[in-house]
Structure formats: C-alpha cells, structure tokens
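Thanks for coming. I'll keep this short: the ligand site to begin with, then a salt bridge.

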Amino acid sequence: MLRIGLLTSGGDCQALNATMRAIVRTLVNRAPEPVEVVGFEDGYQGLIYRRFRMMDPAGFDDVLARGGTILGTSRTPFKRLDIPEADGVDKVAAMKRTYAELGLDCLFMLGGNGSTKTAHRLAREGLRVIALPKTIDNDTWGTDLTFGFTSAVEVATRCIDDIRTTASSHGRVFAVEVMGHKVGWIPLYAAVAGGADACLIPEIPYEIDKVAAAVERRLDAGAACAIVVVAEGAVSRAEVEMPKKEYKRAVAARTSPSVAYDIARELGARTGREVRTAVPGHTQRGGAPDAQDRVFATQCGVEAALGFLEGAHGFMVAQREGRMCRVPLGEVAGRLKRVDPEGDLVREARALGVSFGDE
Ligand code: F6P
C-alpha cells in the first residue's frame with residue numbers, strides 16, 4: 001500500500017483540481033500497489049494541525065473543469081515558518097510529525113513561490129516532497145508556464161474586450177487593472193491579446209507623461225477609445241527612484257483603492273479626457289480552467305506522479321521549451337521569473353505600438 005498526501009497552498013487558481021485529478025488517476029492506473037490519498041485541508045494549515053480527509057480516488061472524476069480547490073487553501077508565509085503560531089505550535093515540527101504519523105510516502109504540494117520555499121524546507125528536513133507549479137502569475141522560476149496562468153489571461157482579456165465596446169461608444173480612456181504585484185506576465189499577455197494601447201508592468205517603470213502622450217497619439221490617430229492595462233504592481237520611474245522607506249510611506253498614504261485609479265486620475269488631468277477604471281480582480285482566479293490550463297495541469301499531475309513512482313522526489317515538475325522536466329526544489333526556491341524588458345513579447349508589443357510608458 002502506498003499513501004500520498006495532497007495539499008494546495010497560497011492563492012487559488014482555476015486548474016488545481018485538474019492537477020490533483022491527474023496525480024490521483026496516474027497513481028491509480030500505474031502504481032504497482034493500491035494507493036491511499038490523504039487530502040490536507042487549507043494548505044499547510046492542514047498538515048500543521050492534522051486536518052485531513054481520506055480521499056476516494058473516484059471523487060476526483062468530476063473535477064477536471066471545476067475551478068478553486070476541493071481541499072481549500074491558505075497562505076502560510078515562509079518568512080514566519082520558524083515563528084511559533086499564537087497557540088505555541090512549532091509549524092515545521094508539527095508538519096514533520098503529521099507526515100510521519102500518517103506514514104506518508106510523499107507529499108504533493110501544489111503551490112507558488114512562497115509555498116515552494118516551504119516545500120524545499122520540508123524536503124531538507126527529510127520529507128519526500130514533490131511540488132507542482134501553481135499560480136496565475138506565471139512567476140515561478142524554472143518553468144516556462146504555471147497552471148492557472150492561461151485561464152487568468154483569458155479572464156483579463158475578456159474584461160478588456162468587454163470594456164472596449166463601452167469605451168468606444170463613449171470615446172473614453174480606460175485603465176484596466178489586472179493581477180500581478182511583482183511581475184507583469186498577466187498584464188503583458190492580456191494587453192497583447194486584448195489589443196491594448198499601453199501596458200504598465202512592474203518590470204518597466206512608467207512615466208505618466210509618456211503614457212498620456214501614447215493615449216493622445218492613439219486618439220488623434222482616430223482610435224475610438226484607448227485602453228491602458230495596469231498591473232497591480234505598476235510603478236512609476238519616480239517611485240522606483242525613491243528611497244524604499246519613502247516609497248512605502250507614499251503607498252501607505254494612497255487614498256484610492258488601487259494604483260489604476262491613481263493612473264486614471266493623472267491621465268485625466270493630463271489629457272482632459274474622460275478616464276475610467278475597471279478592475280476584474282479575483283474573477284481572474286475564478287471560474288473554470290481554460291482548455292490549455294486543463295492540459296498543462298494534467299501534464300504536471302501525470303509527470304509528478306510518474307516521478308514519484310520512479311522513486312524521485314525533492315523536485316518541482318516544470319515545462320521548459322515545450323518539454324516536461326523536473327527541477328530540483330533548491331533551484332526554484334526563492335527565485336522569481338520576471339518579464340524580461342528586452343524579451344520577445346515586449347519587443348513585439350512595442351512594434352505594434354503598445355506603450356510601456358518608458359519611451
Ligand atoms: O495568487 C496570486 C495573486 O492572485 C496575485 O496575482 C495577487 O496579487 C494576489 O494573489 C491576491 O491575493 P489575495 O487573494 O490574498 O487577495
């Protein structure tokens with residue numbers, strides 16, 4: 001008998017259930033002995049506090065297209081891992097104890113960057129852990145793609161499409177804010193897919209005058225509206241040049257709900273045009289996974305399970321240049337995959353006339 005643990009950690013995404021289904025199905029089909037599946041509730045919290053369910057493999061049959069996570073999730077910040085909980089619980093010790101008491105052969109952890117750091121820590125503590133690259137942000141180092149990303153881009157793109165019709169009717173400018181605090185993959189892809197006129201991402205600090213000039217150019221050229229895609233973490237050149245403390249103070253002093261509202265206000269003041277803001281927010285993590293996500297999530301789940309059956313662990317499944325592979329957790333943990341400002345898609349977007357607010 002083999003016994004594996006499953007947990008989903010961090011912000012959810014559309015393809016978590018599809019990934020777990022693939023892990024479980026592969027194990028049921030390919031393992032040389034029966035498999036028991038332990039599902040931990042709410043991410044690492046379930047492992048810490050022994051909150052788990054024994055999962056019937058048949059229970060995964062209908063979850064391929066179901067968004068969210070049937071296990072629940074939570075954020076257990078890596079930087080607080082060694083700080084005991086309010087109730088005094090030593091988190092790492094508790095997780096090791098649960099793993100040992102349940103006699104797990106492996107823990108499959110579906111998570112993003114912080115969660116993968118914790119997985120690496122557990123692996124160094126001697127647990128057999130396999131990580132699977134979940135995040136709508138697509139910022140996990142070591143893999144070209146993460147599951148959740150394409151579905152989120154789809155939602156953000158649909159939002160831009162929908163905004164475009166009303167923006168065109170009124171001849172308005174719209175700032176559409178999409179997810180991405182530290183990296184701009186979703187804004188970049190959604191801007192290209194949605195035919196935006198400007199795209200402001202954390203990796204390329206903007207100057208508001210240059211964004212305003214780009215908007216004016218589009219409208220003067222006869223465009224019916226102008227769409228500026230703004231990453232949640234978009235930063236201006238002036239903000240980047242501020243000392244860190246001053247920048248934090250400026251962010252804390254913001255009275256608007258988020259950055260796109262500030263940008264809309266500044267664009268309105270500079271252009272004298274009607275500028276509105278739209279924020280799809282968590283809808284980008286909601287709903288069913290798109291077809292590409294279902295396929296990629298399934299590939300990740302299958303490869304993770306096959307790796308386990310070969311006796312491998314301590315790795316994250318990944319896709320590089322179209323091939324599935326395994327990357328040691330030590331290589332992934334603590335690194336972010338950012339948009340390369342000189343990369344192909346940025347260059348191509350610029351060629352199309354998309355402004356990044358820097359030139
Ligand atoms: O999971 C990633 C992410 O969706 C980011 O894109 C976003 O900045 C953040 O999570 C939102 O977090 P929360 O769901 O805690 O508001």
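A polar contact here means a pair of N or O atoms within 3.5 Å. Keep that cut-off in mind for the ligand, and note that the model is a predicted one.

With that cut-off, Glu232 places a polar side-chain atom 2.8 Å from an oxygen atom of the ligand. Asp137 does likewise, at 2.7 Å from a ligand oxygen. For Arg75, the distance from a polar side-chain atom to an oxygen atom of the ligand is 2.9 Å. As for burial, the ligand taken alone exposes 400 Å², and the protein buries 74% of that.

Where does the ligand sit? It occupies the largest pocket. The residues surrounding the ligand include Gly11, Ile136, Met179, Gly180, His181, His282 and Arg285, along with the three I just named. Sorted by class, that shell has four charged, four polar and two nonpolar residues.

Now the salt bridges. Side chains of opposite charge can pair when their charged atoms come close. Searching the whole structure gives 29 salt bridges. One of them joins Arg172 and Glu274, with the closest N and O atoms 3.2 Å apart. Arg172 is in the loop between helix H5 (149-170) and strand E6 (173-178), while Glu274 is in the loop between helix H10 (259-271) and strand E9 (275-278), so this pair ties together parts 102 residues apart in sequence.

Technical notes. Residues numbered from 1 in each chain as written. Predicted model: local features only at pLDDT ≥ 70, side-chain atom pairs only at ≥ 80, totals over all residues. Heavy atoms only, no water. Near = heavy atom within 4 Å. Polar contact = N/O pair within 3.5 Å; in protein donor to acceptor, adjacent residues only side chain to side chain. Areas by Shrake-Rupley, 256 points an atom, 1.4 Å probe, with all protein chains shown as cover. 1 Å grid on protein atoms, 1.4 Å probe; cavity = no way out; pocket = protein on both sides within 12 Å on 5 of 7 lines; lining within 4 Å. Sits in = over half its atoms within 2 Å of the grid points. Nonpolar A, V, L, I, M, F, W, Y, C, P; charged D, E, K, R; others polar. Salt bridge = Lys/Arg side-chain N within 4 Å of Asp/Glu carboxyl O. Helix = DSSP H or I, 4+ residues; strand = E, 2+ residues; numbered from the N terminus.
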